[in-house]
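Colleague: I should be grateful for a close look at one part of this model, namely its sheet architecture. Please take the strands in turn and describe how they are arranged.

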Amino acid sequence: MIKGINLIEILNNNTGLSIIVASISTLISAIAVVIALFYNARTQKQYKKSLEPQLSMRLDKYDNKLYLLVQNTGRTAAENITIAVKSLENNGANDLMLDALFSQEYELYPNETIQAMVAISGENIATGTLYPKITINVSYYIYGTKTKVQYTRTITFSKVYDTKVLADVNMDLKDVESSLKATARATVRTANYLDGNQVSTFDELNAISDSSLAKDLYSTSKLIHS
């Protein structure tokens with residue numbers, strides 16, 4: 001009863017009531033600050049994570065060779081990248097034939113891509129369609145930090161016909177140009193013969209002929225029948 005009376009007396013006392021309200025408000029404010037700090041720290045961590053390099057990889061086949069394509073789809077560079085190919089499966093009788101790039105360190109900035117040969121495709125008439133897969137160890141440093149990222153993953157070849165391996169294709173257009181010029185000269189010679197004009201291939205006057213093949217044939221016909 002004494003405690004109950006004391007509580008009632010405190011509640012009836014304006015000063016005591018103010019102290020209780022102030023204490024509750026302080027407690028709520030402290031809890032809100034802690035929650036805000038927690039979410040702010042988590043947001044900052046997620047933002048930093050979104051800026052990190054992201055190495056996307058796939059296996060492609062070109063000219064009967066298997067290539068590993070690596071692209072940095074993140075927003076910062078990856079430094080000192082090393083990719084060690086540990087095994088190759090489902091490629092018939094052909095084993096690994098690694099490009100020299102796999103024994104080197106390199107860096108990839110955002111949206112940059114590299115490719116390196118992994119093996120000769122073991123697919124043939126006897127084996128039918130093959131879906132090779134490789135197991136690799138990946139290691140790199142996040143640009144501007146000492147943070148090292150390491151992981152192991154498996155990549156399986158997928159037949160995607162709308163993607164192409166980057167290839168160095170040199171086309172010699174000299175033969176095409178020569179053929180076009182020869183055709184143009186032949187056309188001009190034929191036109192000169194038919195209309196009696198002497199026009200060069202570079203001429204752009206578009207001269208109108210006084211005669212035509214039809215008129216000449218008609219005149220010849222009249223002479224024969226006269």
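In what order do the four strands of the open sheet stand, and is their pairing parallel or antiparallel?

Modeller: Please bear in mind that this is a predicted model. The four strands follow the order E4-E3-E6-E7 in an open sheet, and their pairing is antiparallel. At the edges are strand E4, residues 106-108, and strand E7, residues 148-156, each of which pairs on one side only. On average, neighbouring strands of this sheet are turned by 35° against each other, direction ignored. Strands of a sheet pair through backbone hydrogen bonds, either parallel or antiparallel. Within this sheet, strand E3, which covers residues 78-89, is joined to E4 by two bridges, and the two run antiparallel. One position shows how these strands face each other: Ile81 stands opposite Tyr106 in E4.

There is also an open sheet of three strands, with the order E1-E2-E5 and antiparallel pairing. Its edges are formed by strand E1 (55-62) and strand E5 (113-120); each has a single partner strand, so one side of each is left without a neighbour in the sheet. Here the average turn between neighbouring strands is 25°, direction ignored. Strand E2, residues 65-72, is connected to E5 by seven bridges, and these strands run antiparallel. Across this pair, Tyr67 stands opposite Met117 in E5.

To retrace the arrangement on the display, one may follow E4-E3-E6-E7 across the sheet of four strands, and then E1-E2-E5 across the sheet of three.

How values were computed:
Residues are numbered from 1 along each chain as its sequence is written. This is a predicted model: local features need pLDDT of at least 70, side-chain atom pairs count only at pLDDT 80 or more; totals for chains, interfaces and linings use all residues. Side-chain values use heavy atoms; hydrogens and water are left out. Two strands pair if DSSP finds at least two bridges between them. Axes are lines fitted to C-alpha atoms, for helices over the stretch in contact, and angles run from 0 to 180 degrees between N-to-C directions.
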